[in-house]
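Got the viewer open? Let's take a short walk through the model, picking out one thing at a time.

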Amino acid sequence: MSDQTGCTSLTGGEAVVRALAAHGVTQAFGIPGTHNLEIYRHLGPYGIGHVAPRHEQGAGYAADAYARVTGRPGVAITTTGPALLNIAAAVGQAYSDSVPLLVVSPGMPLRHPRQATGLLHEMRSQTEALRGVAAFSHRVSSVEEIGSAVARAFALLRHERPRPVHVEVPLDLLEAAEPAGPVRLAPPLARPGAEASAVREAARVLRSAKRPALVLGGGARQAAAACLTLAELLGAPVVTTANGKGIVDERHHLALGVSLHSPAVQRWLTGCDAVLAIGTELAESDLWSAPPALTGTLIRVDLDPAQMYTGLPAGQPLVGDARTTLTALLTALTEPPSAIDPGPENCGENSRGIRESGADGPGTRTGGTSADRCGSPDRAGSVATLRAARDAETAGRDARWLPYLRAVRSVLAHDAVLTSDSAQCCYYGALPHLPVGPEGRFLHPTGFGTLGYALPAAVGAKTAYPRRQVVALSGDGGLQFSVQELATAAQLGLPLPVVVFDNGGYGEIRDGMTARGDRPFAVDLPAVDLPALARAYGGRGSHADSPEALARALSLALTTPGPTVITVTEEPFR
């Protein structure tokens with residue numbers, strides 16, 4: 001409706017939904033509550049679909065996964081108080097992994113007194129609580145401000161380093177009809193690339209390098225094609241973080257996969273004379289240890305300027321969008337070197353054997369290997385040797401998972417999405433040993449390291465792409481943090497296998513206690529018949545006592561509507 005001035009008047013709830021729809025939101029995750037019903041009232045009329053997980057933390061993880069697989073911001077709606085605190089862990093995970101997540105919630109009324117009154121879901125400050133885990137938490141003070149607040153949120157989600165944000169609408173504004181003003185949209189800004197002179201200097205360093213390396217994080221995902229071209233152009237082995245898994249196909253002859261935590265790989269990095277790190281923090285959660293002391297030049301590409309000085313400071317900073325910056329870097333590398341940039345001494349052609357643009361396209365090599373050109377070791381052979389050294393370090397620990405992971409890989413399509421938990425089977429097993437290519441995705445809760453991510457994340461990924469294969473990998477301890485989302489998966493009615501490696505509790509903590517010389521305490525969980533629990537929720541379940549049995553059960557689950565829990569309970573996992 002319109003007021004006497006002709007301005008459109010909307011309730012705060014409708015203004016929120018209108019703003020979301022204007023920014024292209026078509027899917028939300030959340031749970032209706034007493035205080036957010038005015039938002040829910042308008043979702044359908046504005047064409048926004050909705051999935052209702054059984055817990056707000058699950059809603060946050062589902063929206064997080066939706067964002068990771070689509071590249072679009074995930075949206076979660078909560079009610080006040082405990083519901084908002086329930087989603088806080090998921091917001092912290094999204095912050096840690098640079099995921100664009102928008103949380104919308106009601107808040108206490110505008111004129112609510114600071115002294116407690118006992119109002120339902122009352123808490124001292126929702127915005128202060130969320131500011132501890134989100135990029136910002138904004139409380140609006142009018143219906144008209146809602147559009148600007150949502151536009152501000154999308155400007156950050158789309159154009160800066162992705163971080164979760166929270167918009168709070170006071171209860172009285174949700175129901176009040178006020179002038180809403182025009183639709184506000186985040187401006188269509190292009191992410192800039194790095195400064196041209198810095199790109200040229202980075203190209204000079206890489207031309208001269210005899211032992212280059214690429215390290216890829218989640219910020220490199222939109223530049224996957226350029227990353228592969230760079231690796232092949234430089235003959236550089238590629239190692240990734242968990243969030244960078246699969247950006248370069250892990251079966252490629254230059255790929256080392258997720259192995260930054262490997263001492264052998266870290267020793268190799270220290271000997272590289274140029275390390276090009278793209279979209280990664282190079283943090284303790286990536287390395288599982290303190291950063292190695294690099295002896296070569298560290299070139300860092302990141303949208304966030306602060307990343308140039310954290311962990312390992314950049315020797316050559318390239319602040320800008322990864323895809324734009326790498327495109328410029330490839331151009332600089334394939335241009336003829338200047339007279340003041342002769343490249344490696346006595347090395348023919350363009351310093352590293354890089355040929356000018358021609359029949360084979362820009363940046364191709366003219367026959368032979370880099371060893372033929374500059375005396376560098378054969379890259380494919382050195383990568384194979386390094387892989388062997390990496391795997392030998394953990395062969396005794398990881399061997400139990402390998403046959404099962406090969407069984408999983410054997411039945412999955414190339415574009416399958418796997419969701420992961422903070423479980424031994426995932427960070428020791430699937431992350432380093434289950435190969436993924438750029439068409440597929442592997443979603444893992446890095447950094448913040450929450451438990452219970454895999455199942456609700458699989459719900460979010462399957463909501464985004466109902467026809468793609470989505471498989472959740474979890475341990476028995478982690479699954480029980482969010483096992484109620486089996487009901488959500490059953491309600492969706494889409495095939496969703498959940499593979500659970502059952503080691504009888506919290507295996508990593510049990511091992512940590514043993515390593516300290518402590519007697520394991522509070523880490524052994526009573527056995528739960530998880531397949532029976534899945535059936536109780538409306539899904540299916542089975543046990544797999546061999547890799548062959550797992551392959552058969554997984555193949556069936558991928559075509560069976562609803563969730564199927566498959567437990568792997570062979571003795572080595574206990």
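**Stop one: a pocket and its walls**

Start with the second largest pocket, whose lining by class has 16 nonpolar, 16 polar and 4 charged residues. Keep in mind as you click around that this is a predicted model. The volume of this second largest pocket comes to about 580 Å³.

To put yourself in the middle of it, select Ser422, Ala423, Gln424, Tyr427 and Glu508: of the 36 lining residues, these sit closest to the pocket's centre.

Now colour the helices around it. Which helices each supply at least two residues of the lining? Pick H11 (284–287), H17 (424–433), H19 (476–479) and H21 (507–515). H17 gives the most to the lining of this pocket, with 5 residues.

**Stop two: a pair of helices**

Next, hide the pocket and select residues 454–464, which are helix H18, together with residues 485–492, which are helix H20. These two pack at an angle of about 20°, and their axes are 9 Å apart. With angles under 35 degrees counting as roughly parallel, that makes H18 roughly parallel to H20. Is the crossing of H18 and H20 left-handed or right-handed? It's left-handed.

Turn on side chains to see who's touching whom. On the H18 side, show Leu455, Pro456, Val459 and Thr463. Across from them on H20, show Glu485, Leu486, Thr488, Ala489 and Leu492. Colour this contact between H18 and H20 by class and you'll get 6 nonpolar, 2 polar and 1 charged.

Terms used
Residues are numbered from 1 along each chain as its sequence is written. This is a predicted model: local features need pLDDT of at least 70, side-chain atom pairs count only at pLDDT 80 or more; totals for chains, interfaces and linings use all residues. Side-chain values use heavy atoms; hydrogens and water are left out. Axes are lines fitted to C-alpha atoms, for helices over the stretch in contact, and angles run from 0 to 180 degrees between N-to-C directions. Helices (H or I, at least four residues) and strands (E, at least two) are DSSP runs, numbered from the N terminus. Angles under 35 degrees count as roughly parallel, over 145 as roughly antiparallel, 65 to 115 as roughly perpendicular and the rest as oblique. A crossing is left-handed if the near helix is turned anticlockwise from the far one by less than a right angle, and right-handed if clockwise. Contact means heavy atoms within 4.5 Å. Ala, Val, Leu, Ile, Met, Phe, Trp, Tyr, Cys and Pro count as nonpolar, Asp, Glu, Lys and Arg as charged, and the others, Gly among them, as polar. On a 1 Å grid over the protein atoms alone, a cavity is a set of points where a 1.4 Å probe fits but cannot get out, and a pocket is an open set with protein on both sides within 12 Å along at least five of seven lines; lining residues have an atom within 4 Å of a point. Grid points are joined across faces, edges and corners, and a volume is the space filled by probe spheres set on the points.
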